[in-house]
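Reader: I am new to this structure and would be grateful for a close look at its charged side chains. Please explain how they are placed and paired.

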Amino acid sequence: MKFEMKFHQDSQNICVLNIRKMAMFLWIVFTSMSMVDGKNKPKCSVCTEIVLNFQKGLVSTAKSNFGGGNTKWEEKSLGSYSTSEVRLVEILEHICDDSSKECHPVLEEYEELVEKYWFQELAQKKDTNFYNFFCIDHVQACCPNNTYGPDCSQCPGGIDQPCSGNGKCLGEGTREGSGKCQCTSGYQGDLCNQCKDGFYEESKNDTHTVCKVCHIACKNTCWESGPKGCDECKSGWLANEDDGCQDINECLSDPCEENQYCTNTQGSYTCFTCDEACLSCTGPGSYKCEECNTGFTLNEETKECLDINECEKDSSLCEGEHTVCKNKPGNYECVCKVGYEMKDGSCVELPKEIYKSSKKIAQPPNLAEQLKKNISKRKELDWAKFKDIPSITGHFLVMAFYGISCRFASSSHLVTIALSLLMIIHVLWFATNSR
């Protein structure tokens, strides 16, 4: 019995060990299959971004060093710099400046491939397209035009005219997508070569189909252009043997309410309210009235309903004390004079405080007063300081004395210099004591 139990336990251990070995083997196989040269494939959009920025870098480095722009010019003017490592480094330094966050890791992973293109293709003057070299052939993140998926399969309809030229192949140009045709408006089918309801087939051949929209009068389908091509008319349209679907003028049956006028539209109608001057009308404005409203009268010359000024017509209106008549379109109202308010049907005088406050109007700032305040902020001259010093008149007398002395002492330079020094001292003393 013990031997059987031991044998059963050993068998279980062996089974578990084999399961673990199998799991490890499958993980190694899966990891190997999911990695190509130890590199994960980036999205086509990131690869395309790198190519575009690389091409921008070629232009910017050429201009920043000498100007120019085309290949022949670079060979002639840039010389060895055109394919030098220095220039490549300058381009790579800024290739991800304005790019998505995936740019840096992808560029780091495939930097050797960029260098290979630079030195073995571009430097050797080979006519190799960088996008094809980098994104399609080596990184294998993108596909040629009009192909899609991991193996770059052809889009439905072929490379030359996928989706019959009437749609877009999902995943086109990338290693992703289903390749299914996403048809443009008016088209349907696996190859977008059939017309949807509401469209008719204008022309068709083995490679191309042209669909055009049906006339607005058609309910769902049609077989040619115009109202005669409808298979069935929409509501608001009536089938005519000669002219096809024709619009019904619903306004002829007067569908609108009183004090409204009708405007016919394609397949329907709209009701609008008449002008306030009209009791009934045929269109917009006071000159389209069939009958004038109360408070308006018809002008026989212009055929327009005009407002009646009841206040001028009847002077007996609003005879209450302190009331005046105010005309309104089609009516009038009695209002109180200034300084009065309506209370219990009569105009009573406003309290003086309320009346005065209601008359006050915000005045603009007085510029003169503002200027005066600004000046007052400055340090004003204190005339009291002059009580212990000569008067202003005395100051000017000293000035006059100086002028006369200089006149008579002009022959003596020493006297003139002495008088000038005395005058300067006097002016400084006066200015200092007048602060």
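Author: What follows concerns the salt bridges, then a charged residue without one, and finally a helix that also holds a buried glutamate. The model is a predicted one. As a setting, the chain has 12 helices and 20 strands. It has 435 residues, of which 27% count as buried.

Side chains of opposite charge can pair when their charged atoms come close. Across the whole structure, a search finds two salt bridges. One of them joins Glu232 to Lys219, with 3.5 Å between the closest N and O atoms. Both Glu232 and Lys219 lie in the loop between β8 (209–213) and β9 (237–240), so this pair ties together parts that are 13 residues apart in sequence. Glu232 has a relative accessibility of 45% and therefore counts as partly exposed. Lys219, with a relative accessible area of 44%, is likewise partly exposed.

The other salt bridge is formed by the side chains of Lys303 and Glu300, at 3.3 Å from N to O. Here Lys303 is partly exposed, its relative accessible area being 45%, whereas Glu300 counts as exposed at 54%. The limit that separates the two classes is 50%.

Glu250 presents another case. This residue is found in the loop between β10 (244–247) and β11 (260–265). Glu250 is buried and yet has no salt bridge. Lys234 is the nearest side chain of opposite charge, and it is 12 Å away. A salt bridge requires the nitrogen and the oxygen to be within 4 Å, so a partner at 12 Å does not qualify. What, then, is Glu250 in contact with, apart from its neighbours within four places in sequence? The residues in contact with Glu250 are Gly236, Pro255, Asn264, Gly267, Ser268 and Tyr269.

A buried glutamate also appears in helix α6. The buried residues of this helix are Leu113, Val114, Tyr117, Trp118 and Glu121. They lie on the same side of α6, because they cover an arc of only 145° around the axis. An α-helix has 3.6 residues a turn, so residues three or four places apart point the same way. The length of α6 can be checked as well: its 12 residues (residues 111–122) should span 16 Å at 1.5 Å a residue, and the 15 Å between its end C-alpha atoms agrees with this.

Lastly, a word on the surface of the chain. Its accessible area comes to about 30900 Å², and 54% of this belongs to carbon and sulfur atoms.

Technical notes
Residues numbered from 1 in each chain as written. Predicted model: local features only at pLDDT ≥ 70, side-chain atom pairs only at ≥ 80, totals over all residues. Heavy atoms only, no water. Helix = DSSP H or I, 4+ residues; strand = E, 2+ residues; numbered from the N terminus. Buried < 20%, exposed > 50% of the residue type's maximum accessible area, 1.4 Å probe, protein only. Expected span 1.5 Å × (residues − 1). Arc of directions from axis to C-beta. Lys, Arg positive; Asp, Glu negative; His and termini not counted. Contact = heavy atoms within 4.5 Å. Areas by Shrake-Rupley, 256 points an atom, 1.4 Å probe, with all protein chains shown as cover.
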